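Biologist: I am new to this structure and would be grateful for a close look at one part of it. Please begin with a single side chain, follow its partners, and then place that part within the whole.

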Amino acid sequence: MTTDPFAAIADPNRRHLLEELRRAPRTVNELAEGLPISRPAVSQHLKALLDCNLVTVTSEGTRRIYCVNVKGFQKLNLWLDQFWA
């Protein structure tokens, strides 16, 4: 397990998940529809994104809704911004 956001976004499936979540919050089932990987694999990718604070999850009944965590991206932005300052 890594909590390094750069390592987490190195995976193309995770980048795809983030792009989908940027458009709207989604469930694992909704996210899995657009990928050629299993629902359990999507869940593992989401856990990696959760561990490095790039996504958050809320529960609505039995559904778990994932969305982009803007605060998690602030660290990435700060690091990248130093190259343009």
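**A charged side chain and its surroundings**

Modeller: Arginine 23 is exposed, with a relative accessible area of 52%; here exposed means over 50%, buried under 20% and partly exposed in between, using a 1.4 Å probe and protein chains only. This is a predicted model, in which local features need pLDDT of at least 70 and side-chain atom pairs count only at pLDDT 80 or more, whereas totals for chains, interfaces and linings use all residues. Residues are numbered from 1 along each chain as its sequence is written, and side-chain values use heavy atoms, with hydrogens and water left out.

The partner of arginine 23 is glutamate 20: the two form a salt bridge whose closest N and O atoms are 3.3 Å apart. A salt bridge is a side-chain nitrogen of Lys or Arg within 4 Å of a carboxyl oxygen of Asp or Glu. In general terms, side chains of opposite charge can pair when their charged atoms come close. Arginine 23 and glutamate 20 are separated by about one helical turn, because they are 3 residues apart in helix H2, which covers residues 12-23. Helices (H or I, at least four residues) and strands (E, at least two) are DSSP runs, numbered from the N terminus.

In contrast to the exposed arginine 23, glutamate 20 is buried, with a relative accessible area of 18%. Glutamate 20 also forms a salt bridge with arginine 26, where the closest N and O atoms are 2.5 Å apart. Glu20, Arg23 and Arg26 are thereby linked in a network of salt bridges.

The structure holds 3 salt bridges. One of them joins the side chains of lysine 47 and aspartate 51, at 3.0 Å from N to O. Because lysine 47 and aspartate 51 are 4 residues apart in helix H4 (residues 39-51), about one helical turn separates them. Lysine 47 counts as partly exposed at 46% relative accessibility, and aspartate 51 is partly exposed as well, at 25%.

Helix H4 also holds histidine 45, which is buried at a relative accessible area of 12%. With its neighbours within four places in sequence left aside, histidine 45 is in contact with Asp11, Asn13, Arg14, Leu17 and Ile37; contact means heavy atoms within 4.5 Å.

The loop between H4 and S1 contains asparagine 53. Asparagine 53 has a positive phi of about 65° although it is not a glycine. Most residues other than glycine have a negative phi, and most peptide bonds are trans. Asparagine 53 counts as partly exposed, at 42% relative accessibility.

Strand S1 (residues 55-60) includes threonine 56, which is partly exposed at a relative accessible area of 28%. From C-alpha to C-alpha, threonine 56 and leucine 46 are 9.2 Å apart in space, although 10 residues apart in sequence. Apart from neighbours within four places in sequence, threonine 56 is in contact with Leu50, Ile65, Tyr66, Cys67 and Asn69.

The last of these, asparagine 69, is found in the loop between strand S2 (63-68) and helix H5 (70-81). Asparagine 69 counts as buried, at 16% relative accessibility. Its contacts, neighbours within four places in sequence again left aside, are with Asn53, Leu54, Val55 and Thr56. Asparagine 69 thus touches both the asparagine with the positive phi and the threonine of strand S1.

It remains to place these parts in the whole. The chain has 5 helices and 2 strands, and from the N terminus on its elements run α-α-α-α-β-β-α. With 85 residues, a compact globule would have a radius of gyration near 12 Å, and the chain agrees with this at 13 Å; the radius is taken over C-alpha atoms, and the globule rule is 2.2 Å times the number of residues to the power 0.38. Along its principal axes the C-alpha trace spans about 45 × 25 × 25 Å.

Of the 85 residues, 31% count as buried. Among contacts between residues at least 6 apart in sequence, 49% join residues at least 24 apart. The 11 positive and 9 negative charges of the chain have mean positions 3 Å apart. In that count, Lys and Arg are positive and Asp and Glu negative, while His and the chain ends are not counted; the place of a charge is taken as NZ of Lys, CZ of Arg, CG of Asp or CD of Glu.
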